[in-house]
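Work through these exercises with the structure open. Try each task before you read its solution.

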Amino acid sequence: MKRIILTIVFLVPFVFCFGQVEKIDEAGIQFNLPNGKWSLINKQDKNDLLVYFYKREPITDKEGRKIIPNISFIVETISDTTDLVVYSMQKTATVHFDVKEVFDYNDKKLKIKHKYAIGYKGSYTDKGGI
């Protein structure tokens, strides 16, 4: 038997609140983006991974640089015998961002209902040093 795992990556100071409603049918989820400044910019289906990329309108930092926050939803099918903790650790070892926080469906403040959802909040530095 297979199960769907949902990985959520936030590369932004992010607060969940009510905003525009989005759906990812493949993961059976519905969620709210914080406000109308966010949009789905790309959806990729590659190597058994389905990735939804959301970006926010740029935010100008103290130095006048335009910073574009990102949220990605990664949907994939894995074996039902896969240990989710080990799987998550292996995945985060290969990512190109600094993981600041990990959360899952047990986190009551986020109201994630997907039993196999794992979320990461982090930051990264782009090629330009931002």
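**A bridge across the chain**

E26 is partly exposed, with a relative accessible area of 37%. The cut-offs are under 20% for buried and over 50% for exposed, with partly exposed in between (1.4 Å probe, protein chains only). The model is predicted, so local features need pLDDT of at least 70 and side-chain atom pairs pLDDT 80 or more, while totals for chains, interfaces and linings use all residues. Residues are numbered from 1 along each chain as its sequence is written, and side-chain values use heavy atoms, without hydrogens and water.

*Task.* Find the residue that forms a salt bridge with E26, and give the distance between the closest N and O atoms.

*Solution.*
- Set the criterion: a side-chain nitrogen of Lys or Arg within 4 Å of a carboxyl oxygen of Asp or Glu.
- The partner is K43, with the closest N and O atoms 3.3 Å apart.
- Check exposure: K43 is partly exposed, at 44% relative accessible area.
- Place both ends: K43 lies in strand β4 (residues 38–46), and E26 in the loop between β2 (21–24) and β3 (29–32), so the bridge ties together parts 17 residues apart in sequence.
- Strands are DSSP runs of E with at least two residues, helices are runs of H or I with at least four, and both are numbered from the N terminus.

**A salt-bridge network**

*Task.* How many salt bridges does the structure hold, and which residues are linked in a network of them?

*Solution.*
- The total is 3.
- D61 pairs with R65 at 2.8 Å, N to O.
- E63 also meets R65, at 3.6 Å, N to O.
- D61, E63 and R65 therefore are linked in a network, given the salt-bridge criterion.
- Add accessibility: D61 is partly exposed at 22%, R65 is partly exposed at 29%, and E63 is exposed at 63%.

**The overall fold**

*Task.* How many helices and strands are there, and what pattern do they follow along the sequence?

*Solution.*
- Count first: 1 helix and 10 strands.
- Read along the sequence, the pattern is β-β-β-β-β-β-β-β-α-β-β.
- Of the 130 residues, 35% are buried.
- Take the contacts (heavy atoms within 4.5 Å) with a separation of 6 or more: residues 24 or more positions apart account for 48% of them.
- The protein exposes about 8,600 Å², and carbon and sulfur atoms supply 53% of it. Areas come from the Shrake-Rupley method with a 1.4 Å probe; for residues, only the protein chains shown count as cover.

**The core**

*Task.* Which residues make up the largest nonpolar core, and what does L50 touch?

*Solution.*
- Define the set: buried Ala, Val, Leu, Ile, Met, Phe, Trp, Tyr and Cys residues, joined through side-chain atoms within 4.5 Å.
- The largest such core has 12 residues: I24, A27, I29, F31, L33, W38, L50, Y52, Y54, I71, F73 and V75.
- β3, β5 (49–56) and β8 (70–79) each supply at least two of them.
- Zoom in on L50, in strand β5. L50 is buried, at 9%.
- Leaving out residues up to four places away in sequence, L50 touches E26, K43, Q44, D45, F73, I74 and V75.
- The C-alpha atoms of L50 and E76 are 6.4 Å apart, although 26 residues separate the two along the chain.
- Now Y52: with neighbours within four places left aside, its contacts are I24, E26, L40, N42, K43, I71, S72 and F73.

**Aromatic rings**

*Task.* Classify the geometry of the pair F31 and Y54.

*Solution.*
- A pair of aromatic rings is described by the distance of the centres and the angle of the planes.
- Rings of Phe, Tyr and Trp (its six-membered ring) pair if their centres lie within 6.5 Å; under 30 degrees is stacked, over 60 is edge-to-face, and the rest is tilted.
- The whole structure has 3 aromatic pairs.
- F31 and Y54 have 5.6 Å centre to centre and 85° between the planes: edge-to-face.
- F31 sits in strand β3 and Y54 in strand β5, 23 residues apart.
- Both are buried: F31 at 13%, Y54 at 0%.
- F31, Y54 and F73 form one aromatic cluster.
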